[in-house]
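Q: Please take a close look at one part of the structure shown here. A connected account, with the cut-off of each term, would be appreciated.

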Amino acid sequence: MAPVVLMGSSKKKGEGQYAPLPYGLLKSAAWRSLSGAAVRLFLELHTRFNGSNNGKLRLSFAEAAEALGMGKATVQRAYAELVERGLVALEREGNWYHRQAHEWRLTTKPVQKVRGTQPPSHDWRRYRGKKTERGSGMGQLGAAVVPFENPIDKSGSISEPVRAVSSRRHGSGTEH
């Protein structure tokens, strides 16, 4: 179905605003390492962007917690994730006593300045993530080692190789 164009206007009816998520962003280490709470917070913060207010986006922890159905501590951790991965930047700290929330900048969007438009910084492209170690994390140094010989008896007897307790041989005991 073709979009409806209003008479004398170039605006399309019914589309509204949207949040484009380029494949470069979606496939980046920064995006793929985000928690679900951080993704939801990023999208909520993006709904505050109107095309010219980047760097002045306000969304308090309490307001985000209520809008997203999360706890304030979860929202705080989500903001920290977004900052660490370079998806948002803190432009101006809020003021608790004057009831003003922090002002944020989406690094995926340009910023309007008095002297023109600054292109997006795309700080998320520099995020490499933390190297994850495979395995249990227990090196051989911390593991208990089974001795190959019985410990020396205090009486001074000669040590012998460790043998099975049972005198039965392994297998079925019948020859083929």
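The request and its answer follow.

The part of interest is helix H3 (residues 36-46). Against which elements do the buried residues of H3 pack?

A: The model is predicted, so local features are given only at pLDDT of at least 70 and side-chain atom pairs only at pLDDT 80 or more, whereas totals for chains, interfaces and linings use all residues. Residues are numbered from 1 along each chain as its sequence is written, and side-chain values use heavy atoms, leaving out hydrogens and water.

The setting comes first. The protein chain has five helices and five strands, in the order α-α-α-β-α-α-β-β-β-β along the sequence. These elements are DSSP runs numbered from the N terminus, with at least four residues (H or I) for a helix and at least two (E) for a strand. Of the 176 residues, 24% are buried; the term stands for under 20% relative accessible area, with exposed over 50% and partly exposed in between (1.4 Å probe, protein chains only). Among contacts with a separation of 6 or more, 49% join residues 24 or more positions apart, a contact being heavy atoms within 4.5 Å.

In H3, the buried residues are Ala37, Ala38, Leu41, Phe42, Glu44, Leu45 and His46. Their packing partners are H2, strand E1 (57-58), H4, H5, strand E2 (88-92) and E3. As a general point, an α-helix has 3.6 residues a turn, so residues three or four places apart point the same way.

Consider H5 (residues 72-84) as a partner. The axes of H3 and H5 come within 8 Å and cross at roughly 80°; axes are lines fitted to C-alpha atoms, for helices over the stretch in contact, and angles run from 0 to 180 degrees between N-to-C directions. The two helices are therefore roughly perpendicular, the class for 65 to 115 degrees (under 35 is roughly parallel, over 145 roughly antiparallel, the rest oblique). H3 contributes Ala37, Ala38, Leu41, Phe42 and Leu45 to this contact, and H5 contributes Thr74, Val75, Ala78, Tyr79, Glu81 and Leu82. By class there are nine nonpolar, one polar and one charged residues in the contact of H3 with H5. Here Ala, Val, Leu, Ile, Met, Phe, Trp, Tyr, Cys and Pro count as nonpolar, Asp, Glu, Lys and Arg as charged, and the others, Gly among them, as polar.

With H4 (residues 61-68), the axis of H3 comes within 11 Å and crosses at roughly 105°, so H3 and H4 are also classed as roughly perpendicular. Arg40, Leu41 and Glu44 of H3 meet Ala64, Ala67 and Leu68 of H4. This contact of H3 with H4 comprises four nonpolar, no polar and two charged residues.

H4 and H5 also pack on each other, at an angle of about 110° with axes 9 Å apart, and are therefore roughly perpendicular. Phe61, Ala62, Ala64 and Ala65 of H4 meet Lys72, Val75, Gln76 and Tyr79 of H5, a contact of H4 with H5 with six nonpolar, one polar and one charged residues.

Aromatic rings add further detail, with three aromatic pairs in the structure. Rings of Phe, Tyr and Trp (its six-membered ring) pair if their centres lie within 6.5 Å, and planes under 30 degrees apart are stacked, over 60 edge-to-face and the rest tilted. Phe42 forms an edge-to-face pair with Trp31, at 5.6 Å centre to centre and 80° between the planes. Because Trp31 lies in helix H2 (residues 29-32) and Phe42 in H3, the pair ties together parts eleven residues apart in sequence. Trp31 and Phe42 are both buried.

Tyr79 of H5 forms a stacked pair with Trp104, at 4.4 Å and 10°. This pair links distant parts of the chain, as Trp104 lies in strand E3 (residues 103-106), 25 residues from Tyr79. Both Tyr79 and Trp104 are buried, and ring pairs join them with Phe61 in a cluster.

Finally, Asn54 sits in the loop between H3 and E1 and counts as buried at 4% relative accessibility. Beyond residues up to four places away in sequence, Asn54 touches Phe49, Trp104, Arg105, Leu106, Lys109, Pro110 and Val111. The C-alpha atoms of Asn54 and Val111 are 5.3 Å apart, with their positions 57 residues apart along the chain.
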